[in-house]
Amino acid sequence: MYQASSPKRPEYEGYKEELSEGWMFGRMMDLSDGQWDTFRSHLPAFASLMFLYVAMNWVFRLAVVRRVSREFLQTPTKVRGFLPTLWFPFLFATVFAIILSGVSTVFILAFTGVNFILAKRFGGRRWAPAVFWVFNMAVLFANEYYKGYEFGRMLQSLAWLDQWRGVLRRWDVTFNITMLRMMSFAMDYHWRVRQEDEASVQQIDALVANPKTEKDRVERSCFAQDYCFTNYWAYLLYPPLYLTGPIITFNSFVSQMRYPSPAISTRHTILYGLRLLASALLMELILHTVYCVAISKWAQWETFSAYEISLFGYMRLSFIWLKLLIIWRFARFWAMADGIDTVENMRRCMSNNYSLQQFWRDWHCSYNKWLVRYVYIPLGGRKTSTWNTFVIFTFVALWHDLTMRLLQWAWIIALLFLPEGLATWYFGKPRWTSKPYFRLLCSLGGTVNIMAMMIANLVGFGDEGVEKMLAKIFSRSGFAFLAVAYVILNMYLQVMFEWREYEYRKEYAAHEASLSQWEMTDTAPRAPVTRSASDSPTLTKRQNRSGIGE
């Protein structure tokens, strides 16, 4: 790849206009990806702003909350409604939104306000989720159609307001993330009201105190008074997570504001920040040595071999993975510094996946968990997983962008779940799992899966020249390369399998240690450690064949 990106290659003249001045090795730098270029150029400003927010919030908690709300700190359940720990985030988030969106903040306030009214007015009724979904999807489509609602188009006399649209003129681009939080609040409140039909208010409120796990924070409802507009607004615009996520549910957010997560520690946060820094330096190295984005946009593949084109496709996907990893971890780092623990996206390296099910769960993990809670389970879960999967991925495509290419990607991914699910069901039976060549069968199927996932993601997130790229790879001249690649990937999968076995043994040892501790302390043991087909070549009957999770 380094040689294929060399200035000495004749193709260099065709795409060098896409490159920028670099600072490593005297080479140019590939900043032709608009999303990464924007994030990178604004990184110092965002980092300074987040540091300012975290520092001011800690000072506010020490100087104000501890003095004014001692009762809340001693007994958090006594204070209900607008929590003291959200006073400063509420104010800062409002100013933050105005700086980013300017006068367009009125649109954000209008849409989020209507969603709040709908939730409070109809929450608890059986048909309420349909109302929430129709409204929020209509907002997404309207945002895309009207491109952020210019004041001049509404009324000519208001055209001067379009000059004050903030730092991010297209506020609607990032509103998709806000829409997920709007649905989370509406559905969490809806389920809170529904619970009151099955149990007393006292029984529901008793579960709020001292959540033991993250699952408790997500699934246990807050106090009824906690579903107020001030908490809702602070949750929607929480500065570290506002623009990119990771996504956190309303219940979990308010719970952590009342009971800080024990998973957050200073040492863990610092180490996480150092890992983030290492990832950013790796990205800089790649952009100086491999011009995969610029070459993919240039899309003139005639002079490249099938081997080179395949590596460019792989590096293009690797770039997308690393780009999103850095963006999400940057946001999560500042949330951790502020005491908020969120789900980690990109839990596993892109190159360490052979199962489409596991790849989807790990890629945008917080979004996957959101889909499970608010879409997959309400639509029937495993009972309706066949058509449920198509509905979910259609929504995922529309949520990302209203383009036919992403719809094609979504339907290809949904179709790929079917053969993997059938293979898991058929070959997961004892007559196959007991065979000595079972692991080889898994690698043969896993290799096909890897190639199919690469093609599907290139179609969905590649550049305009992806058709030419795939045509060259699957041409007669590329057949020999594909055959060799298939054999090598089979060997690589055996390494993946062994790594999964190591992870399982490590988890099992930790479980055994907890059982020994239980025998000494009489503490209730945890559930036994199990593994699924997507984690190990040893398939089990517990495998979730939907690929979405429950």
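Reader: In this predicted model, which helix holds His288, and why is that residue called buried?

Author: His288 belongs to helix α13, which covers residues 266-289. A residue is called buried when its relative accessible area is under 20%, and His288 has a value of 0%, so the residue meets the criterion and counts as buried.

Reader: What makes the pair of Glu284 and His288 a polar contact?

Author: A polar atom of the His288 side chain lies 2.7 Å from the backbone oxygen of Glu284. The cut-off for such a pair of N or O atoms is 3.5 Å, and 2.7 Å is within it, therefore the distance condition is met.

Reader: Which residues does His288 touch, once those up to four places away in sequence are set aside?

Author: His288 touches Gly22, Trp23, Met24, Arg27, Met28 and Met29, and each of these counts as a contact because heavy atoms lie within 4.5 Å.

Reader: Where does Ser5 lie, and how do you know whether it is buried or exposed?

Author: Ser5 is placed in the segment before α1, the helix of residues 12-15. Its relative accessibility is 0%, and since the limit for a buried residue is under 20%, Ser5 counts as buried.

Reader: Which residues are in contact with Ser5, and what does its side chain reach?

Author: With the neighbours within four places in sequence left aside, Ser5 is in contact with Tyr12, Tyr15, Arg27, Thr289, Val290, Tyr291, Ile295 and Phe312. For Tyr291 there is a further detail, in that the side chain of Ser5 reaches the backbone nitrogen of that residue at 3.1 Å, a distance within the 3.5 Å cut-off for a polar contact. Leu271, by comparison, is 266 residues from Ser5 in sequence and 34 Å from it in space, C-alpha to C-alpha.

Reader: Why is Phe25 called exposed, and what is notable about its phi?

Author: Phe25 sits in the loop between β1 (19-20) and β2 (29-30). Exposed means over 50% relative accessible area, and Phe25 has 59%, so the label follows. Its phi is positive, about 60°, although Phe25 is not a glycine. Most residues other than glycine have a negative phi, which is why such a value is worth pointing out.

Reader: Why is Asn210 called partly exposed?

Author: The term is used for values between the limits of 20% and 50%, and Asn210, at 45% relative accessibility, falls in between and therefore counts as partly exposed. Asn210 lies in the loop between α9 (201-206) and α10 (214-219), and its phi, near 50°, is also positive in a residue other than glycine.

Reader: How do you know that the bond between Gly245 and Pro246 is cis, and where does Pro246 lie?

Author: Omega is about 5° for the peptide bond that joins Gly245 and Pro246, and this bond is cis. Most peptide bonds are trans. Pro246 lies in the loop between α11 (229-236) and α12 (250-258).

Reader: What makes Pro89 and Thr424 count as buried, and which helices hold them?

Author: Pro89 is in helix α4, residues 87-101, and Thr424 is in helix α19, residues 404-427. The relative accessible area of Pro89 is 0% and that of Thr424 is 12%; each value is under 20%, so both residues are buried. Beyond its neighbours within four places in sequence, Pro89 is in contact with Tyr53 and Asn57. Thr424 and Cys442, 18 residues apart in sequence, are 9.5 Å apart in space from C-alpha to C-alpha.

Reader: How do you know whether the size of the chain agrees with that of a compact globule?

Author: For 550 residues, a compact globule would have a radius of gyration near 24 Å, and the chain has 25 Å, so the two agree. The C-alpha trace spans about 70 × 70 × 45 Å along its principal axes, and the secondary structure comes to 23 helices and 2 strands. Of the 550 residues, 53% count as buried, while among contacts with a separation of 6 or more, 75% are between residues 24 or more positions apart.

Reader: What are the surface and the charges of the chain like?

Author: The accessible surface comes to about 26,600 Å², with 64% of it belonging to carbon and sulfur atoms. There are 58 positive and 43 negative side chains, and the centres of these two sets are 5 Å apart.

Definitions and conventions. Residues are numbered from 1 along each chain as its sequence is written. This is a predicted model: local features need pLDDT of at least 70, side-chain atom pairs count only at pLDDT 80 or more; totals for chains, interfaces and linings use all residues. Side-chain values use heavy atoms; hydrogens and water are left out. Helices (H or I, at least four residues) and strands (E, at least two) are DSSP runs, numbered from the N terminus. Buried means under 20% relative accessible area, exposed over 50%, partly exposed in between (1.4 Å probe, protein chains only). A polar contact is a pair of N or O atoms within 3.5 Å; within protein, one must be able to donate a hydrogen and the other to accept it, and residues adjacent in sequence count only if both atoms are side-chain atoms. The radius of gyration is taken over C-alpha atoms; the globule rule is 2.2 Å times the number of residues to the power 0.38. Accessible areas come from the Shrake-Rupley method with a 1.4 Å probe; for residues, only the protein chains shown count as cover. Lys and Arg count as positive and Asp and Glu as negative; His and the chain ends are not counted. The place of a charge is taken as NZ of Lys, CZ of Arg, CG of Asp or CD of Glu.
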